[in-house]
Amino acid sequence: MLDIIQELNQSPGKMLTAGVIGVGMAGSRFVEAIQYLQKNAPESIKLSWVCDINAKALQKQADKGIPAYDDYKKALTDAPVDCIFACVNDVYHFDILQYIKDSNIPFRRIISEKPLTDTAERSQIVASRYNNQDISLNYVMRYSPIVADFLKFKHQHGLQITRAEYQWWKDRVNDPRTTPGVKSEACHPLELIIYMAGLEPTAKNPTPYKVKQVGGIYTDYAIDGDDIMGEVHATLNINNGVTVSGSASFITKDKRRLVTLWATDKRGNKYRANFNFDDPGQDDDSLTITRLGPKRQIVFKNSYHQADLPKGLGGNSRIVRFIG
Ligand SMILES: NC(=O)c1ccc[n+]([C@@H]2O[C@H](COP(=O)([O-])OP(=O)(O)OC[C@H]3O[C@@H](n4cnc5c(N)ncnc54)[C@H](O)[C@@H]3O)[C@@H](O)[C@H]2O)c1
């Protein structure tokens, strides 16, 4: 897995330029991550501008001395960049992706927040217009060090995943941010499990899974009063028979980001891997792997803490690893 800067393989002395569209919660994190890299890995990437239609959000960035635009069309035309970070709300991703193609805006990589768009139909249109390597999606949980730990253990022990389960909950009741609902959250654990099972989507096989069952509940938890999906339970099938199931919610009081994987090694030993992300805070991740059987034994245990990260990295470490 290469990060974006590595993949774009800059020549010495030439750094990538970046523009961030949408500097709300997610976009501000990207701004901080790019600025962290700008400071700690000079010659890697440079923030050329930010853009937002919300004057308050834009002013916050402009106050730091970053060139600020209130119209992404103008920003992309006046000051083209290598890396376009699309961090607007899910429902607006499509407009930006369409505009870039329709107007032949030059770029080397679009880094889009997940999900790619808010509907399957729109995502299919985007997929038909772009090459696979044009867009990187910010499925950022992949960049947790506990995922790297698990993949190393899986490789060393020749593990085959046999079952996966997830619980991915947060409280977005009365949250003012525009959202298409909890599908925007459910995609995180599903993508992560598919990735850890070694099933990267490709142009030939864009969906390396089968959806078996999905049940969701629409409620009016959003601040604008419309009913949108607040909870969803999904069951998928991967690797011709491995069941992945779990729930995602935008309406629970507690935040929970749990994944459990069951696996078997070549000798038939059975394991259970418990992942706990962002508990209690962002970047506080832990992994426990237990060998099952009559005598259970913890065979791997590791945890990472935001407090141990270098200054300026806390809360953004996964994004920094994703970019560079
Ligand atoms: N990868 C992750 O872990 C993660 C975490 C949080 C959010 N997200 C994703 O990030 C995206 C943004 O979510 P958020 O929580 O930051 O929302 P937000 O509402 O805090 O921020 C979105 C920003 O985009 C701006 N915007 C909307 N339309 C625009 C336009 N046409 N031009 C310029 N700016 C525009 C809004 O004014 C707002 O400031 C969503 O797709 C969300 O799913 C991802």
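Asp278 is partly exposed (that is, between the buried mark of 20 or more other C-beta atoms within 10 Å and the exposed mark of 12 or fewer, with C-beta atoms placed from the backbone), because 18 other C-beta atoms lie within 10 Å. The model is a predicted one: local features need pLDDT of at least 70, side-chain atom pairs count only at pLDDT 80 or more, and totals for chains, interfaces and linings use all residues. Numbering runs from 1 along each chain as its sequence is written.

Asp278 sits in the loop between strand 12 and strand 13; helices (H or I, at least four residues) and strands (E, at least two) are DSSP runs numbered from the N terminus. Although not a glycine, Asp278 has a positive phi of about 55 degrees. That loop also holds Pro280, and the peptide bond from Asp279 to Pro280 is cis, with omega near 10 degrees. Another cis peptide bond joins Lys114 and Pro115, with omega about -15 degrees; Pro115 belongs to the loop between strand 5 and helix 6. Glu43, in the loop between helix 2 and strand 2 (45–51), is not a glycine either, yet has a positive phi of about 75 degrees.

Now to the cores, a nonpolar core being a set of buried Ala, Val, Leu, Ile, Met, Phe, Trp, Tyr and Cys residues joined through C-beta atoms within 7 Å. The largest has 39 residues, of which Ala18, Val20, Ile21, Phe30, Ile34 and Phe85 touch the most other members. Helix 2 (residues 25–40) supplies the largest share of this core, 7 residues. A second, separate core of 37 residues includes Val147, Tyr221, Met229 and Phe277. Ile34 is in contact (C-beta atoms, placed from the backbone, within 7 Å) with Ala18, Ile45, Leu47 and Ile323, leaving aside neighbours within four places in sequence.

As for the ligand, 24 residues surround it (C-beta atom, placed from the backbone, within 6 Å), and the closest are Gly22, Gly24, Ala26, Asn54 and Glu113. Helix 2 and helix 5 (90–102) are the elements that give two or more residues to this shell, with helix 2 giving the most, 3 residues.

Helix 5 buries Asp90, His93, Ile96, Leu97 and Ile100. Seen down the axis, these fall within an arc of 100 degrees, so they line one face of helix 5; the arc is that of the directions from the helix axis to the C-beta atoms. Their cover includes strand 1 (16–21), helix 4 (72–78), strand 4 (83–86), strand 5 (109–112), helix 6 (120–129) and helix 8. After helix 5 comes Asn104, with a positive phi near 50 degrees. In the loop between helix 5 and strand 5 there is also Phe107, which touches Val81, Asp82, Ile84 and Ile100, not counting residues up to four places away in sequence.

Helix 7 (residues 145–157) tells a similar story in its own terms: its buried residues are Ile146, Val147, Asp149, Phe150 and Lys154. They cover an arc of only 155 degrees around the axis, which puts them on the same side of helix 7. The face turned away from that buried side carries the exposed residues Lys152, His155 and Gln156. Among the elements covering the buried residues of helix 7 are helix 8 (183–196), strand 12 (270–276), strand 13 (285–291) and strand 14 (297–304). Just after helix 7, Gly158 takes a positive phi of about 55 degrees.

Technical notes: Contact = placed C-beta atoms within 7 Å.
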